Amino acid sequence: MPDRLMLLDTASLYFRAFYGLPDTIRRGDGTPVNAVRGLLDMIARLTTDYGATHLIACWDDDWRPQWRVELLPTYKAHRVAEAVAGAPDVEVVPDALEAQLPMIRRVLGLAGIAIVGAPNHEADDVVGTYASHADLPVDVVTGDRDLFQVCDDERQVRVIYTARGMKNLEVITEEVVVAKYRVLPQQYADYATLRGDASDGLPGVAGIGEKTAASLLLKYGTLEGLLEAAGHPGSGMAAPVRAKLAAAADYLSVAPAVVRLVRDLDLPSPEQAGAELNPVPDEPRAELERLATEWNLGGSVRRLLTALDLRQ
């Protein structure tokens, strides 16, 4: 089997597991375990179906970095449960999911699955860095369209897109991005900036939707080129478009840095992180099997162990 690196947008997956499985799935004392079980089943299926030999669970060490908020205060503002001075803000996370996060990390650790985050950065930035520098083919698993930025057919980097559910996974390549959105992956951040994204608190440019954003980038190449043309009286740009861009000048001066992935984080290499998948050895395997019984994780743990056993 040729080597292949899989990068998980982990929060995207455990949120999907939590909302996709009933919270009546609990351990004996009533603690919910639906997100734990769902995530383990996802990993078992994804690594098997897509032939992953290496895996990194990319983690949100800071889901709303202050440097992004300083540039654009609306960034994810609707998802803040509590603002914290000098530390990451508290995200709106259901209590029943919050209670499962320590067990998710514990089980992944016992299974030998690498977990990597970066201070003051989101999991997306961790994904962006690994995907941009990996010397293996890469599959990025996410429900977040922003990660379409990393698609690169020449380097064999693609996205396994989960937005329509695990039964309807989409493989997003550079070719697919162009077909669906009429922009190249390297234009996707500019496209998202122009279009906006309410789920991330990005207002976009009023009056410019997906089709107009794509057509402008087709003509001018980049947001920088577009703004340069807007500021040049002889560029031939239509007056209404020029006016819309001018009205959004403050937003456009900061939003690109918020939307673009960071691709140069100082991270452990996949080898240093322990990304290679292997069968779980005796002691951690016994502990996983004990937890499977104690925490009502039985079938999901067994399926994960079986998937990892295939790596021997």
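This talk walks through helix packing, aromatic pairs and a few single residues in one structure. Please keep in mind throughout that what we are looking at is a predicted model.

Let me begin with the helices. Two packed helices are described by the angle between their axes and the distance between the axes. With that in mind, please find helix H2, which covers residues 34-49, and helix H5, which covers residues 101-110; these two pack at an angle of about 35°, with their axes 9 Å apart. The crossing of H2 and H5 is right-handed. On the H2 side the contact is made by Ala35, Val36, Leu39, Leu40 and Ile43, and on the H5 side by Met103, Ile104, Val107 and Leu108. If we sort the residues of this contact of H2 with H5 by character, we count 9 nonpolar, no polar and no charged.

Further along the chain, helix H8, residues 188-195, meets helix H9, residues 210-220, and here the axes come within 9 Å and cross at roughly 140°. That angle makes H8 oblique to H9. The crossing of H8 and H9 is right-handed. H8 brings Asp190, Tyr191, Leu194 and Arg195 to the contact, while H9 brings Glu210, Ala213, Ala214 and Leu217. What is the division of the residues of the contact of H8 with H9 into nonpolar, polar and charged? The answer is 5 nonpolar, no polar and 3 charged.

H9 then has a second partner, helix H10, residues 223-230, and the axes of H9 and H10 come within 8 Å and cross at roughly 85°. That makes H9 roughly perpendicular to H10. From H9 we have Leu216, Leu217 and Tyr220, which meet Leu223, Gly225, Leu226 and Ala229 in H10. The residues in this contact of H9 with H10 divide into 6 nonpolar, 1 polar and no charged. You may recognise Leu217, which was also listed in the contact of H9 with H8.

Staying in this region for a moment, I would like to point out arginine 242, which sits in helix H11, residues 239-247. Its C-alpha atom is separated by 9.5 Å from that of leucine 226, although the two residues are 16 residues apart along the chain. Leaving out residues up to four places away in sequence, arginine 242 touches Ala229, Ala230, Gly231, His232, Pro233, Ser235, Gly236 and Met237, and Ala229 is one of the H10 residues that meet H9.

Let me turn to the aromatic residues, where the structure holds 10 aromatic pairs. One of them joins phenylalanine 15 and tyrosine 19, a stacked pair with 6.5 Å centre to centre and 20° between the planes. These two residues are separated by about one helical turn, because they lie 4 residues apart in helix H1, residues 10-20. Their surroundings are not alike, since phenylalanine 15 is buried, with a relative accessible area of 19%, whereas tyrosine 19 counts as exposed at 57% relative accessibility. Another pair is formed by tyrosine 181 and tyrosine 188, which is edge-to-face, with 5.6 Å centre to centre and 80° between the planes. Here tyrosine 181 is buried, with a relative accessible area of 10%, and tyrosine 188 also counts as buried, at 0% relative accessibility.

There is also an aromatic cluster, made up of Tyr14, Phe15, Phe18, Tyr19 and Trp59. Trp59 leads us to glutamate 122, which is found in the loop between strand S5, residues 114-116, and helix H6, residues 123-133. Is glutamate 122 buried or exposed? It is buried, with a relative accessible area of 3%. The C-alpha atoms of glutamate 122 and tryptophan 59 are separated by 7.1 Å, while the residues themselves are 63 residues apart along the chain. Setting aside neighbours within four places in sequence, glutamate 122 is in contact with Trp59, Asp60, Asp62, Trp63, Pro65, Arg68, Tyr75 and Lys76.

Finally, I come to two loop residues and their backbone angles. Glutamine 156 has a phi near 60°, a positive value in a residue other than glycine, and it lies in the loop between strand S6, 138-142, and strand S7, 157-161. Glutamine 156 is partly exposed, with a relative accessible area of 46%. Asparagine 296 also has a phi near 60°, again positive in a residue other than glycine, and it lies in the loop between helix H14, 282-294, and helix H15, 298-309. Asparagine 296 is partly exposed as well, with a relative accessible area of 32%.

Conventions: Residues are numbered from 1 along each chain as its sequence is written. This is a predicted model: local features need pLDDT of at least 70, side-chain atom pairs count only at pLDDT 80 or more; totals for chains, interfaces and linings use all residues. Side-chain values use heavy atoms; hydrogens and water are left out. Axes are lines fitted to C-alpha atoms, for helices over the stretch in contact, and angles run from 0 to 180 degrees between N-to-C directions. Angles under 35 degrees count as roughly parallel, over 145 as roughly antiparallel, 65 to 115 as roughly perpendicular and the rest as oblique. A crossing is left-handed if the near helix is turned anticlockwise from the far one by less than a right angle, and right-handed if clockwise. Contact means heavy atoms within 4.5 Å. Ala, Val, Leu, Ile, Met, Phe, Trp, Tyr, Cys and Pro count as nonpolar, Asp, Glu, Lys and Arg as charged, and the others, Gly among them, as polar. Buried means under 20% relative accessible area, exposed over 50%, partly exposed in between (1.4 Å probe, protein chains only). Rings of Phe, Tyr and Trp (its six-membered ring) pair if their centres lie within 6.5 Å; planes under 30 degrees apart count as stacked, over 60 as edge-to-face and the rest as tilted.
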